[in-house]
Amino acid sequence: MNLSWHIEQYLPQQLLWLVSNVSGQATKLGQTVYLVGGVVRDLLLGYPSFDLDLVVEGDAVKLAQQMAEITQAKLLTHPRFGTAKFSYSNFNLDMATARGETYAQPGALPVVTPGTLKDDLSRRDFSINAMAISLTSNDYGELVDPYQGKNDLEHRLIRILHPRSFIDDATRILRAVRYEQRLGFELEPQTAQLLKRDITMLNTISGDRIRHELELIFRENQPEFVIKRLAELGVLRRISPFLIGDGWIAEKFEKARQLKKPNQLPSLYFCLLTYSFSESKIEQFLNYLNIPAKLSRAMRDTLSLKIRLSQLNKPSMKPSEIYYLLQEYEPLAIQANAIASESSMVHHHLQLFLTKLRYVRTYLNGEELKRLGISAGSEMGKVLQALHKAKLDGEVNTKADEEKIAFSLKLSNFHIAPKS
Ligand code: CTP
């Protein structure tokens with residue numbers, strides 16, 4: 001089958017230009033080069049691609065260097081691994097010398113040896129990701145599909161290439177479910193059976209690799225479907241017995257998306273995923289997955305704020321009360337609680353802090369207070385805090401109002417503790 005039409009149709013113009021350049025250069029150098037993996041899958045499904053993976057039978061680094069000279073693209077090479085990364089405008093091209101892999105033991109990183117395209121495809125996760133398209137001029141556009149990936153795409157199936165696949169690399173358990181849910185496919189029955197059999201193999205991979213797979217899941221459009229399915233299959237409780245993938249998660253993840261802050265979404269999902277944890281249970285989870293410090297803080301804060309939410313469930317709270325209760329928490333933790341809380345009053349108070357109170361600043365700063373005769377140190381601290389509180393509670397509207405308060409505090413201070 002020839003997919004030249006798909007390439008023309010679904011790749012953006014600039015990528016097409018790069019592809020035709022690669023094709024020309026490879027032919028000149030006598031190397032064979034292929035599009036591989038996700039891009040082939042997506043071209044067959046009629047989805048556009050912005051990042052390309054290429055496999056070269058020959059020397060990917062040499063071909064990439066040649067390409068960089070012609071196109072003036074940014075190039076990063078790893079000669080030891082035979083790989084090169086090419087950035088051109090907003091697009092990335094990963095080029096790798098064809099290789100085979102063997103696994104010394106389950107979960108170990110693979111031992112890599114140079115190989116053919118067939119070797120390279122045979123080390124991959126699923127049939128739908130183990131296809132290639134030739135870019136070499138004499139058979140440009142020809143599909144290479146040794147594992148009937150196209151047939152599986154048509155039948156909407158996720159299928160591993162051999163029965164030891166999940167044992168070799170248990171991250172494939174999480175990847176299988178991610179693709180299944182993203183594409184609306186099903187696990188092919190034997191793959192589903194082997195996945196369940198090999199769930200214990202998740203113990204053979206590092207927490208870092210599991211975290212990375214969760215991060216990838218959290219980049220999906222609707223990660224709640226993946227989480228729910230992982231729960232159904234018994235995968236989630238293998239990562240932590242306290243993880244729950246129920247309707248609550250689905251509802252809250254969707255609510256998180258409505259905030260329209262895509263950059264903070266993955267971190268917010270992490271905070272919500274562990275919302276049912278107790279403060280002591282979270283530590284084990286953070287350590288196991290080696291969660292970065294800032295996100296760890298937000299996840300811990302989410303839980304310590306959760307148990308104080310009832311203090312925000314009071315009508316007629318002063319803004320300053322809300323501020324002093326929340327100021328010590330990471331904004332992300334406050335956001336997570338605003339999503340999680342079922343009380344509209346709590347939600348309102350948390351949102352008030354996030355959108356308004358945390359940005360409130362006094363009109364007067366330390367320098368101006370000094371000019372008014374307030375001395376630096378604890379007196380200044382007290383005055384600034386009083387001004388901030390008054391501003392939070394709407395008791396001052398102008399700089400002159402603040403000056404009045406500052407003066408009266410100064411006077412009362414002298415009155416209470418006259419200088420000797
Ligand atoms: N791959 C694999 N096993 C893994 C990771 C990756 O076999 N554990 C292979 C697959 O062939 C995959 C390719 O490497 O298609 C590229 O990996 P990645 O960038 O993670 O996936 P894409 O298929 O490009 O998918 P996505 O659409 O999620 O970016």
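User: What makes the oxygen atom of the ligand and the polar backbone atom of D125 a polar contact?

Analyst: Their separation is 2.7 Å. A polar contact is a pair of N or O atoms within 3.5 Å; within protein, one must be able to donate a hydrogen and the other to accept it, and residues adjacent in sequence count only if both atoms are side-chain atoms. So the D125 pair, at 2.7 Å, qualifies. This is a predicted model: local features need pLDDT of at least 70, side-chain atom pairs count only at pLDDT 80 or more, and totals for chains, interfaces and linings use all residues. Residues are numbered from 1 along each chain as its sequence is written, and side-chain values use heavy atoms, with hydrogens and water left out.

User: Which atoms of D169 and R182 pair with the ligand?

Analyst: In D169, an N or O atom of the side chain is 3.1 Å from a ligand nitrogen atom. In R182, a polar side-chain atom lies 2.7 Å from a ligand oxygen atom.

User: How many residues surround the ligand?

Analyst: 13 do, with R41, R124, D125, N129 and R182 the closest. A residue is near a molecule or strand if one of its heavy atoms lies within 4 Å of it.

User: Why is helix 2 called oblique to helix 4?

Analyst: The axes of helix 2 (residues 13–29) and helix 4 (residues 60–71) cross at roughly 125 degrees and come within 10 Å. Angles under 35 degrees count as roughly parallel, over 145 as roughly antiparallel, 65 to 115 as roughly perpendicular and the rest as oblique. Therefore helix 2 is oblique to helix 4.

User: Which residues of helix 2 and helix 4 meet?

Analyst: Contact means heavy atoms within 4.5 Å. Among those in helix 2 are W17, L18 and N21; helix 4 residues include K62, L63 and Q66. By class, this contact has 8 nonpolar, 4 polar and 1 charged residues.

User: What makes helix 14 oblique to helix 16?

Analyst: Helix 14 (residues 265–273) and helix 16 (residues 293–306) pack at about 40 degrees, axes 9 Å apart. That angle makes helix 14 oblique to helix 16. S267, F270 and C271 of helix 14 make the contact with L295, A298, M299 and T302 of helix 16.

Methods
Axes fitted to C-alpha atoms, helices over the stretch in contact; angles between N-to-C directions. Helix = DSSP H or I, 4+ residues; strand = E, 2+ residues; numbered from the N terminus. Nonpolar A, V, L, I, M, F, W, Y, C, P; charged D, E, K, R; others polar.
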